[in-house]
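Thank you all for making the time this morning. Please have the sequence and the structure open while I talk, and I will take the ligand, then a pair of helices, and then some details of the backbone.

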Amino acid sequence: MTLDLNKDFPVLKNDNLLRAARGEDVDRIPVWVMRQAGRYLPEYQEVRKQNDFFTICRTPELACEVTMQPLRRFDLDASIIFSDILVIPQALGMNVEMVPGKGPVFTEPLVTPSDTVKLNATGAVDRLKYVGDAITMMRHKLEGNVPLIGFSGAPWTLMGYMIEGGGSKTMSKAKGWLTKHNEVCHKLLSLLTDVIVDYFEMQVKAGAQLIQLFESSADYIDKEQFAEVSLPYVRRVRDQLRKRLQDQSIEPVPMILFAKGGGHSLSEQAQCGYEVIGVDYNVDPIEARKAVGPNVTLQGNLNPADMYLPEAELRALTNQMVRKFGMKRYIANLGHGITPQTPIDSMLTFVNTIHNVSQELRFNAGN
Ligand code: CP3
């Protein structure tokens, strides 16, 4: 018998996202947007004026409020819990601050290999309990209207931030570690993998209905390095989580892998066992489908910069994107996070165009 984690929550009314992830037919193409809660929304700015970024993440009421904000404005098919990938380095004992206009800043990044011994993985997942609390609260607040996505950063991406101490244009320090301290890097990637598995297990038990792994820093490494530092760990996250859930008779949730800049390795990504592969805006949808084959769902991939185009052009590009991906095994999204200056009207155009094309495709298919 499998444990039904959904029994304590409102019944899901719109399951198009989950059906698309599993390769089943959908009523309409599900759409959500990476970073759909955030600074382009004035109501987010309001909450942010009163609260520090990580205070919002750590306070379930506030995290739920900002998670809900985009759903009040747009006809979306998913919500994603408000948090950040850098909560894992924090749980390992590192101090990270969000500096307005600058982004995340680590006060003491990893400088030498000996700094890694300070990382405290024991009990890390317990220190992330607030994310689980926000997820559980959000499942109730959603009233079953759309599914809730949980997420984490992938090992290489987290390691990059921990060494660089924040955003970086080159990842030169982290890449330097790969050549100078290769063995330490793999130990660190392995430690992060174990924490991510614990974290995902906790998120699923708390009520996450789908989970996305963000490998945002794949951009900085080539295909060979991607095969060395990303793929094996990404695969391990999936395999170990699957086993962990199976051992407890918990139904596995679909998983999305999004490797920004990983377009060179889509077929390899498709072998990692994830139901969904997210593609960035540099990837052509037709090529992506050829690379991953018919048994994986694709997610993406409009260029967030296209959200600055005049409405008619944005509509035309969105339309073209959806037609290229098609209705089967597809989740509409941007090809990276929405940017802070995006006009709200562009979000409306993007989301509504997807629903319109979706309806047309369904009609033409004779449904
Ligand atoms: O709506 C959602 O998608 C959920 C919230 C979410 C945030 N961060 C909130 C956030 C998610 C899924 C993330 C993931 C995240 N965080 C990633 C992976 C996605 C990607 O963009 O590649 C990364 C690399 C981070 C690390 C991070 N957090 C950076 C580099 C920055 C600064 C750059 C930026 O975009 O501002 C953040 C800050 C951050 N995370 C903000 C939000 C709403 C803005 C912070 C603020 O309000 O001051």
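How far is an oxygen atom of the ligand from an N or O atom in the side chain of R39? In this model, which I should say at once is a predicted one, that distance is 2.3 Å. The side chain of H336 also takes part, with one of its N or O atoms 2.7 Å from an oxygen atom of the ligand, and Q36 contributes through its backbone, where a polar atom is 3.2 Å from a ligand oxygen. As for how much of the ligand is covered, it exposes 870 Å² when taken alone, and the protein buries 89% of that. There are 23 residues around the ligand, and the ones that come nearest are R35, R39, Y44, S216 and H336, so named here that you can find R39 and H336 again among them.

Let me turn to the helices. Helix α8, which covers residues 172–180, and helix α9, which covers residues 182–206, have axes that come within 5 Å and cross at roughly 115 degrees. Because of that crossing angle, α8 counts as roughly perpendicular to α9. On the α8 side the residues in contact are W177, L178, T179 and K180, and they meet N182, V184 and C185 on the α9 side. Sorted by class, this contact is made up of four nonpolar residues, two polar residues and one charged residue.

Finally, the backbone, where I would point to two places. Which peptide bond is cis? The bond from G300 to N301 is, with omega near -10 degrees, and N301 has its place in strand β8, residues 297–302. The other place is E143, which is not a glycine and yet has a positive phi of about 50 degrees; E143 lies in the loop that runs between α6, residues 129–141, and β4, residues 148–153.

Notes: Residues numbered from 1 in each chain as written. Predicted model: local features only at pLDDT ≥ 70, side-chain atom pairs only at ≥ 80, totals over all residues. Heavy atoms only, no water. Axes fitted to C-alpha atoms, helices over the stretch in contact; angles between N-to-C directions. Helix = DSSP H or I, 4+ residues; strand = E, 2+ residues; numbered from the N terminus. Parallel < 35°, antiparallel > 145°, perpendicular 65-115°, else oblique. Contact = heavy atoms within 4.5 Å. Nonpolar A, V, L, I, M, F, W, Y, C, P; charged D, E, K, R; others polar. Near = heavy atom within 4 Å. Polar contact = N/O pair within 3.5 Å; in protein donor to acceptor, adjacent residues only side chain to side chain. Areas by Shrake-Rupley, 256 points an atom, 1.4 Å probe, with all protein chains shown as cover.
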